[in-house]
Amino acid sequence: MTDAEFVTNGFHHVTMVSRDASRTLPFYRDLLGFPLVKQTVNFDLPETYHLYFGVDGGHPGTILTFFEWPHAGRGRYGVGGVHHVALGVADEAQQLKWKRRLTDAGVPVSGPYDRGWFTSIYFADPDGQILEIATEGPGFATDEPIEALGQRIIVPDPGRLKGGRDEASIQAASHPEPVPEIDDAMRLRGIHHVTGMTDDIGAADDFYNRALGMRLVKKSVNQDDPDTPHWFWANYDGARVLPASDMTLFGWPKNAPRAREGTGQTHHVAFRANDEEHLAAWREHLLAQGIDVTDIRDRNYFKSIYFRSPDGLLHEIATDVPGFAVDEDADRLGESLRLPSWLEPRRTEIASALKPLG
Ligand SMILES: [Fe+2]
Ligand SMILES: [Fe+2]
């Protein structure tokens with residue numbers, strides 16, 4: 001394979017940690033409108049749930065998954081962890097409907113903040129995982145030429161920065177009517193970007209470039225903490241930025257606190273491979289880059305390899321195939337507990353240890 005083929009096709013899924021799957025399910029399925037596409041268990045800890053949500057039958061790039069860790073402590077974002085996961089929405093009008101819908105459901109929302117390249121609102125799931133809903137546009141070419149993204153530091157307009165923006169009118173903005181139903185126009189489109197923290201942004205740049213073929217598409221500052229850098233990488237060829245491929249990092253100082261694994265934290269961020277042959281080639285590529293990577297693991301719905309960023313963030317590359325219809329009807333995804341063949345003999349024991357999802 002050529003180097004050009006070792007440019008990631010973007011996100012496959014993001015896996016987060018929940019304390020109680022019966023609380024996570026209604027939040028993502030009913031409030032956010034993400035269909036449940038698989039009810040299964042953590043293959044490495046089969047007495048606990050692994051829930052998968054996703055759009056269009058769980059299309060790669062739209063998949064959010066949750067390990068249920070009933071006895072874990074609360075996680076914390078920090079260096080080597082994820083600060084937030086952003087989900088895409090069409091535009092600002094649809095975004096305001098989400099603000100109204102979430103606020104009416106008792107979920108505090110901040111924003112909409114004009115980030116320049118998109119507009120953002122923020123809230124948290126029942127475990128404290130920070131989520132964002134970000135508009136598709138206007139995109140990274142709004143303040144520098146599309147053929148030269150990420151080459152110089154972009155300093156945002158002071159009116160966009162904390163301290164310079166009109167917080168009162170931002171907080172007051174909302175949709176005028178209640179939003180009890182999610183219509184097609186407002187539907188969330190999957191992973192828009194994922195933002196983590198590094199204490200060595202130069203090493204992170206080298207890593208995302210060498211490991212995943214990602215290129216800088218924006219070098220700016222954290223608009224909520226303007227003394228610190230905020231860099232964005234993506235599958236970018238000089239003419240376009242591939243949607244659902246944007247990994248971003250806040251650059252924190254060397255002595256900043258590290259992330260702590262636990263509920264309300266992202267466990268890992270997975271990128272795509274086409275199939276097992278492609279995955280094996282990715283594995284060889286990572287090894288050739290000196291990156292420690294696991295053997296290929298069978299996750300039933302995809303095959304996976306795992307490796308870590310220099311800050312310690314766990315990454316995965318997962319195949320697009322076979323997908324979630326491999327063990328149940330495509331039109332009944334998520335309706336019943338599915339187990340991989342090697343756990344099927346223990347179904348009664350496993351099912352009785354799980355708390356009903358309600
Ligand atoms: Fe995963
Ligand atoms: Fe963000």
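Me: In this predicted model, a helix is a DSSP run of H or I with at least four residues, numbered from the N terminus; what makes residues 92–104 count as helix α2, and what phi does G106 take just after α2?

Reply: Helix α2 has 13 residues, and a helix needs at least four, so the run qualifies by length. Just after α2, G106 takes a positive phi of about 85°.

Me: How do you know that the span of α2 agrees with what is expected of a helix?

Reply: From its first C-alpha to its last, α2 reaches 18 Å, close to the 18 Å expected at 1.5 Å a residue.

Me: Which residues of α2 are called buried, and what covers them?

Reply: The buried residues are Q94, Q95, L96, W98, K99 and R101; each is called buried because 20 or more other C-beta atoms lie within 10 Å of its own. Their cover includes the strands β5 (82–89), β6 (110–114), β7 (119–124) and β8 (130–135).

Me: What makes V194 a residue with many contacts inside the largest nonpolar core?

Reply: That core has 80 residues, and V194 is among those with the most contacts inside it, alongside F11, V14, Y208, V217, W233 and I317. Leaving aside neighbours within four places in sequence, V194 is in contact with F11, V14, V82, V85, M247 and V269, which means that their C-beta atoms lie within 7 Å of its own.

Me: How do you know whether the protein chain agrees with the rule for a compact globule?

Reply: For 358 residues the rule gives a radius of gyration near 21 Å, and the protein chain has 20 Å, so the two agree. Buried residues make up 42% of the chain.

Methods
Residues are numbered from 1 along each chain as its sequence is written. Chains are lettered from A and ligands numbered from 1 in the order in which they are written. This is a predicted model: local features need pLDDT of at least 70, side-chain atom pairs count only at pLDDT 80 or more; totals for chains, interfaces and linings use all residues. A nonpolar core is a set of buried Ala, Val, Leu, Ile, Met, Phe, Trp, Tyr and Cys residues joined through C-beta atoms within 7 Å. A residue is buried if 20 or more other C-beta atoms lie within 10 Å of its own, exposed if 12 or fewer, and partly exposed in between; C-beta atoms are placed from the backbone. Two residues are in contact if their C-beta atoms, placed from the backbone, lie within 7 Å. Helices (H or I, at least four residues) and strands (E, at least two) are DSSP runs, numbered from the N terminus. The expected span of a helix is 1.5 Å times one less than its number of residues. The radius of gyration is taken over C-alpha atoms; the globule rule is 2.2 Å times the number of residues to the power 0.38.
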